[in-house]
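Hello,

Here is the structure I promised to pass on to you. Please open it alongside this message, and my notes follow below.

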There are 2 protein chains.
Amino acid sequence: MTLKIVISGFGTVGQGVAEVLERKRDFIQRRFHRQVRIVAVFDSRSLAYDNEGLDPQELLEKKTTAGMVGDPRPQDMCRFLRDIDFDVLVEVSPTNIKTGGEGLLFIREALNKGAHVITVNKGPLALHFRELNGLAKKKNVQLRFEGAVGGAMPIINLCKENFMGERILTIQGILNGTCNFILSRMDKGLPFGQALKEAQELGYAEADPSYDIDGIDSASKVAILANAVFDRDVTFSDVSVTGITAITEDAISLAGDQNMVIRLIGEVSPDKLEVAPRLIPKGHPLSLSGTLNMAQINTDLAGPITISGRGAGRIETASAIFSDLVAILEAERQ
Amino acid sequence: MTLKIVISGFGTVGQGVAEVLERKRDFIQRRFHRQVRIVAVFDSRSLAYDNEGLDPQELLEKKTTAGMVGDPRPQDMCRFLRDIDFDVLVEVSPTNIKTGGEGLLFIREALNKGAHVITVNKGPLALHFRELNGLAKKKNVQLRFEGAVGGAMPIINLCKENFMGERILTIQGILNGTCNFILSRMDKGLPFGQALKEAQELGYAEADPSYDIDGIDSASKVAILANAVFDRDVTFSDVSVTGITAITEDAISLAGDQNMVIRLIGEVSPDKLEVAPRLIPKGHPLSLSGTLNMAQINTDLAGPITISGRGAGRIETASAIFSDLVAILEAERQ
């Protein structure tokens, strides 16, 4: 039986998904006796569609050479989604943390027609989680988003599935690799501006870095964890946020004198929603340097569990999306 | 519908399981609409049995005050298991790494009669994994053992379920908290003998510590990971093992001069099975100090994932067993 996939958004992550689906074709066939077929791919300007299946390699080449994945797309992609036949929407279009953007509309449309949704788009999840989760339940389909927090680092499914029987008390984590890279460079004596410039040159930070350095990205992940793991009903704006732009060389150096570092920590618990720079003792798991993401999960039985992994990257984020797809295939097998 | 549980072995972990089942009674009822009933508990000398259910609190008191959990037990507990009605065997009797011990017989018996088995008993898994796993598949029941490696640290289910779609390249880890405690104390200048004595005083090491310090415990975990995660067919004796008894203060001090520590690392890959002391750069995840367990999992898509947690402890190990029970309940619900 064929599983028909639509990919909305064909930037770094969407391209990674196409590549991973190609690489894992044999695995899916062997393990689930199913064929996965990409029937549609679209981005903000263009659309490729073939109910018989698109060739991932061709899609990647077209996007690289022409900047478009196919023909100019229709204005109303919701109508397109309504009209075609598919089983899973992989929603990886650019995040809009104020409105949820087009991604929100696509996710609603897919769930409404009874398709599973896998997304790493933080806007819709940080703004309208309860509505979307309720809709998925009502339609008896899955809404999965492992990659939305921590990239390749398993956390959502770890908390919801592996730790289903635990009461999770708190999650504290380094949820933005860009900020952590900048703070790690400041540990070595660089001023903020220079560390940021280095992050931009290495491709870790955007030309407009405010989404990362003002703590907005971390805060949206905190909101997603609160909703998904703690069953709260919060939005991005409920999170108390302080970014890293006001951290001076002096502050870093004073911290160092006390054998501490400064890290941007997101914390979620039943009564806390915070992103703020904190003093962390050197050697503590949360004192991690570099671009990795990491989380410390405290539970009633297991005690503290620490996990880290790559928080971003084309194939790494696609790996989280693929783990969600595998979970959907596994559930359908039973 | 009631789920009937037998606990074989009523030492620290078995008692922890009884306590956790009591603490999580409401959760199970709420989440799965099922009652969990402990129908039999036995250890090497005694047996308590009641098809209507035993009171965990009473069991714990009896064991504490009388050293026995009930009446003297029959010699042939396999026959007992054959004769009574139950759904899940929790096998937590003392490990015998040479023969598999009684635990091996009980696991076989339970699987043969079509009951699920949850165990942390390393002997049977490190010696007869393929046979037991095959038997479970044939009988269409689950053989689960999250707690057998890493205690509360999730690793078996993480690799087999969360990372089902990944190709796992290697697992390297600190799999024995006792050795890691001793090595961490030696970092501070203590000689091996004194660090060992301290570990014994704190209850981390047994009176006969050879099982830990000769690397046997780590090696049995390496064998279990090889079988469960890499689908290999190995036993404990296939693992190349070096313990920590020959590590001198000089070696530790020389390592320190190069900004390194010595850690006992287990490594599994498709072509490696090894437990040996290794030089690890300070700041590397595997340089961890203290009694925690930790593992670095390298996969084809996600890259390196690092996880740590408490490798032992009454409630911590019981938490891993409980996560397996929850997985069984979840699978039966579908």
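An open sheet of 12 strands takes in both chains of this predicted model. Reading across, the order is β9(A)-β11(A)-β10(A)-β8(A)-β12(A)-β13(A) and then β13(B)-β12(B)-β8(B)-β10(B)-β11(B)-β9(B). The pairing in this sheet is mixed. Its edge strands are β9 (240-241) of chain A and β9 (240-241) of chain B, each of which pairs on one side only.

For a place to start looking in that sheet, try strands β10 (residues 260-269) and β11 (residues 272-281) of chain B: they run antiparallel and are joined by 10 bridges. Within this pair, B:I262 stands opposite B:L279 of β11(B).

How are the two copies related? Chain A is superposed on chain B by a rotation of 180° with 0.0 Å of shift along the axis, and the RMSD is 0.0 Å. The copies are therefore related as by a two-fold rotation axis. In chain A, the residue that comes closest to this axis is A:I307, whose C-alpha lies at 2.2 Å. Both copies use the same surface, as 100% of the contact residues of chain A recur in chain B.

Chain A also has an open sheet of seven strands, in the order β4-β3-β2-β1-β5-β6-β7. Here too the pairing is mixed. At the edges you will find β4 (71-72) and β7 (143-144) of chain A, each pairing on one side only. Strand β1 (residues 2-8) of chain A runs parallel to strand β5 (residues 88-91) of chain A, and four bridges join them. One residue to pick out is A:S8, whose bridge partner in β5(A) is A:E91.

Last, a pair of helices in chain A. The axes of α1 (residues 12-23) and α3 (residues 56-66) of chain A come within 9 Å and cross at roughly 155°. Because of that angle, α1(A) is roughly antiparallel to α3(A); the cut-off for this description is an angle over 145 degrees. The crossing of α1(A) past α3(A) is left-handed.

Which residues in α1(A) and α3(A) meet? From α1(A) they are A:Q15, A:A18, A:E19 and A:E22, and from α3(A) they are A:P56, A:L60 and A:K63. The residues of this contact divide into three nonpolar, one polar and three charged.

Enjoy exploring it, and do write back with any questions.

Best wishes

How values were computed
Residues numbered from 1 in each chain as written. Chains lettered and ligands numbered in written order. Predicted model: local features only at pLDDT ≥ 70, side-chain atom pairs only at ≥ 80, totals over all residues. Heavy atoms only, no water. Axes fitted to C-alpha atoms, helices over the stretch in contact; angles between N-to-C directions. Helix = DSSP H or I, 4+ residues; strand = E, 2+ residues; numbered from the N terminus. Parallel < 35°, antiparallel > 145°, perpendicular 65-115°, else oblique. Left-handed = near helix turned anticlockwise from the far one by under 90°. Contact = heavy atoms within 4.5 Å. Nonpolar A, V, L, I, M, F, W, Y, C, P; charged D, E, K, R; others polar. Least-squares fit on C-alpha atoms with pLDDT ≥ 70 in both. Pairing = 2+ DSSP bridges.
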